[in-house]
Amino acid sequence: MMLVLLALQLLFTPLVCKDVVHCPESNALLVPHEWYQSGDLLIGGIMSQLFHIPSMSYSSLKVSVRMVTKFYQHALAMVFAIREINENPKILPNVTLGFHIYDSYYHEKMTYRSTLDLLFKSHRSLPNYKCSAPRDLMAVIGGLSSDISTCISDILSLYKIPQFPYGSLDPEQREAVHPYHTYHVATNETHQYMGIIWLLQHFGWTWVGLFATDDDYGEHFLKTMKLLLPQYGICLAFIQQMPQKMRLNDWNELNNLLSKVYLVFKLSKARVYVVYGDTHTMALLMDVTCSLHEQHQELTSVGKVWITTSQIDFAVTSLERELDLNVFHGTISLTIHSPEIVGFQKFLHITKPYRTLGDGFGKTFWEQAFNCVFSSSVVERNICTGKERLETLPVPVFEMSMSGHSYGIYNAVYAVAHALHAMYSFQSNHQSVLRSKSPGFCGPQSWQLHQFLQGMSFNNSAGETVSFEKNKDSAGFDILNMVTFPNNSIIRMKVGRVEPESLEGKEVTLHEDLLVWHRGFNQTLPISRCSISCCPGYQKQKKEEKPFCCYECASCPEGKVSTQNDMDDCSSCPEDQYPSKDKDQCIPKMINFLSYEEPVGTSLASGAVSLSLITVLILRTFIKHKDTPIVKANNQDLTYALLISLLLCFLSSFLFLGRPSKLTCFLRQSAFGIIFTMAVSCVLAKTFTVVVAFMNIKPGSRMRKWMGKRLTTIILLSCSIIQMCICTMWLGTTPPFPDLDTKSMTTEIIAECNEGSMLMFYIVLGYLGLLASISFTVAFFARKLPDSFNETKFITFSMLIFCSVWLCFVPTYLSTKGKYMVAVEIFSILVSGAGLLCCIFFPKCYIIVLKPDLNRREKLIARKH
């Protein structure tokens, strides 16, 4: 259905194929610069090559313009593209494209005048009347800037004629240029903002100055950058707005501008300047900067990095030809992407003023580019021969490589051609059906092109895709680096690319090895910061009433580090690491525990082994002399049980040595508590046995039944079972487990046993202490019984040592950390066990081994009496 409607639109369009009225030719207002070539269909162009000087009248316009000779390439690119299409039989066969090129003169009135001339060529502007030979204007390519594009669009939108602005505009500027009839061939300007920020971040430039035009677009740029830059840690050192249209004979305004820029260069620490505007802005900045460097020689030694936006080109007019551009050596420019187009340079080589018929720009270009005149009346100047070669011109005057703007114009021409070709193809496919209904068909109309341009995509001769699909941008920006030479010639090298359609994080590519910096930097990376960089180990400390980029460097607090330059805050190390001495890195903590290899561990292990061997030796001695009175006199079974308990106590200390495991953590405190309880219970039973033995008990009394083995067994079992129940409850509810303590020691991780419940641990110790206290008390009161059968004095002394050791253990254990806590517990086990062993058994061993004559019943009875 849509195809039928489109066919009807194409075939039944009302056409005007005749002149309707003849216009008077008096009072003509002619625009002197135009380039016309006839054709079956016309493409219009409104370029921006000439400066209109407002103080001059339109009648003298021919002699009151300056030409940006570098922008003459824009017109040549359009002519080259149309010539290629006309010579290509595959595009628009049997149709010849013509062109009509005017200039905007960078002035709104002249832009409107040129646009009207494209539509209604006459000596007097009469809208809706065609006063020249019939012709069909299919599209208009222009303009370079947003304001020029808007002026063109104001008129073209009335007639729905497609417009192709070739300058880079931001979204707000694009909306102002009647978006429904406009097709942009340059990348959205917003992408270059991120490209600039990427460059500033990449090189660590956090203190930058902005130069921008003093107009609505400059204000929009400044507003956008003020929002974006702080988000990426960049501050503005200054903002300097450049007048858009300044009269060069206004000395007060010029001196005021010179003073402001001089103060910026002299006082600001910023060495990186971002320039936003157009060629006018850059030309004025070049004039001002070069003038200041001539007047103030101290500025010449100060390196500067200039970053220019895509609408700026280093193009000069005749007034700036003699400026020393070395101050701009190393400039980084973002330009609209442009590949090399085959045949374009060859076309430029054969371009001569006498070969370009109808070219109203060629003569002006030739005279201003080569500084000559064609008229022989001016004796003081060189005569133009027309044989001068374009390739000999400096880059600021004319460039042989196709620029980004020229590439956009080239693509725009091809877009119109492809749309026309599609229209003709569509028409030919449906004309046979409806031929009889359209006898007056005279040719395509410009408004019909929109249906073919919207969503169009094609590959150009450079192999790149040109697309007008919605939300799809063109090829992006090239990053160029400008190199100047002593003879004031320059070259611009491509060093990178901004590609909006690339993957996130890869939008910008840069070849740093190709970059050249201003000579004042001696080819070292320029630094542009408000404050010196804070080294690792330091953090930023903001200065009062200063931007956040201006700060002092303060050392990191204890326990924190900064591992990179310019850290806002120091951070704590992970739990398994600790800060270095300089606080610039985190060092892994060593896992530490009481091992057998270190001196403390070796000493304690040796002590445990020695005491165990002594205990075994004493046990062997007692077993060997089991029939002697001194062994029999003190409950032989209790003696053996006590010695075995002490042996196990000494051996249990090995559960505390080495790296903790699940098994050792599970067993060691419970084993220690139960074994020591058995030992103390044995001592308590011995004490009660002695006391009961000396009590006056009548024969046949029930008390005598409890004397001997029955009493000792009850005491031993009951005391031990209670401790066993406590340990069982502990292990069943909150058992100890291996753990890593990362907080107690600064430089070490302590491999330890987490006791699970410190309350249960202290209950075990408390119960043990209770038994020891009872035993000590009973032994103390029984110390005056007859010596021959009484060992309570030795028990009293041993319990005194035992209680003293474990009373000292608690505060010492709580005040130590790491492996030394384990060492304290092992030491307490060994010392308390050794106290029992020495005080109770050494006197008996002395008699058994060294005084055997005293180990007889008669001697013991004699001592009693």
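Q: Buried means under 20% relative accessible area, exposed over 50%, and partly exposed in between (1.4 Å probe, protein chains only). With that in hand, why is Phe347 called buried?
A: Phe347 has a relative accessible area of 7%, and that is under 20%, so it counts as buried. Bear in mind that this is a predicted model, where local features need pLDDT of at least 70 and side-chain atom pairs need 80 or more, while totals for chains, interfaces and linings use all residues. Residues are numbered from 1 along each chain as its sequence is written, and side-chain values use heavy atoms, leaving out hydrogens and water.

Q: And what makes Phe80 buried?
A: Phe80 comes out at 5% relative accessibility. That is under 20% too, so Phe80 gets the buried label.

Q: How many aromatic pairs does the structure hold, and why is the one between Phe80 and Phe347 called tilted?
A: There are 42 aromatic pairs. Rings of Phe, Tyr and Trp (its six-membered ring) pair if their centres lie within 6.5 Å, and planes under 30 degrees apart are stacked, over 60 edge-to-face, the rest tilted. The centres of Phe80 and Phe347 are 5.4 Å apart, so the two rings pair. Their planes make 45 degrees, neither under 30 nor over 60, so the pair is tilted.

Q: What does that pair tie together?
A: Helices and strands here are DSSP runs (H or I, at least four residues, for helices; E, at least two, for strands), numbered from the N terminus. Phe80 belongs to helix α2 (residues 72-87) and Phe347 to helix α10 (residues 344-349), so the pair links parts 267 residues apart in sequence.

Q: What makes the pair of Phe203 and Trp205 stacked?
A: Their planes are 25 degrees apart, with 4.8 Å centre to centre. An angle under 30 degrees counts as stacked, so that's the name. Both Phe203 and Trp205 are buried.

Q: How do you know that the charge of Lys304 sits over the ring of Phe265?
A: The rule wants NZ of Lys or CZ of Arg within 6 Å of the ring centre and within 35 degrees of the ring normal. The charged end of Lys304 is 5.0 Å from the centre of the Phe265 ring, so the distance part is met, and the contact is listed as sitting over the ring.

Q: What makes β26 and β27 edge strands?
A: They belong to an open sheet of 3 strands, ordered β26-β28-β27, with mixed pairing. β26 (590-592) and β27 (737-741) each have a single partner strand, so one side of each has no neighbour in the sheet. From one strand to the next, the twist averages 30 degrees.

Q: How do you know that β26 and β28 pair?
A: Two strands pair if DSSP finds at least two bridges between them. β26 and β28 (residues 748-754) have 3 bridges in the parallel sense, so they qualify. Ile591 has Ile749 in β28 as its bridge partner.

Q: Why is Thr742 called buried, and what does Thr742 touch?
A: Thr742 is at 16% relative accessibility, under the 20% limit, so it is buried. The residue sits in the loop between β27 and β28. Contact means heavy atoms within 4.5 Å; leaving aside residues up to four places away in sequence, Thr742 touches Glu575, Lys589 and Ile749.

Q: What makes β1 and β7 the edges of their sheet?
A: That open sheet has 5 strands in the order β1-β5-β2-β6-β7, with mixed pairing. The edge strands β1 (35-37) and β7 (163-164) each pair on one side only.

Q: How do you know that β2 and β5 pair?
A: Strand β2 (residues 41-47) and strand β5 (residues 97-103) run parallel and are joined by 7 bridges. At least two are needed, so the pairing holds. Ile46 has Tyr102 as its bridge partner in β5.

Q: Why are Lys160 and Gln523 called partly exposed?
A: Lys160 has a relative accessible area of 47%, between the 20% and 50% cut-offs, so partly exposed fits. Gln523, at 44%, falls in that range too, so the label carries over. Each has a positive phi in a residue other than glycine: near 55 degrees for Lys160 and near 60 degrees for Gln523. Lys160 lies in the loop between α4 and β7, and Gln523 in the loop between β19 (508-510) and β20 (538-542).

Key
Axes fitted to C-alpha atoms, helices over the stretch in contact; angles between N-to-C directions.
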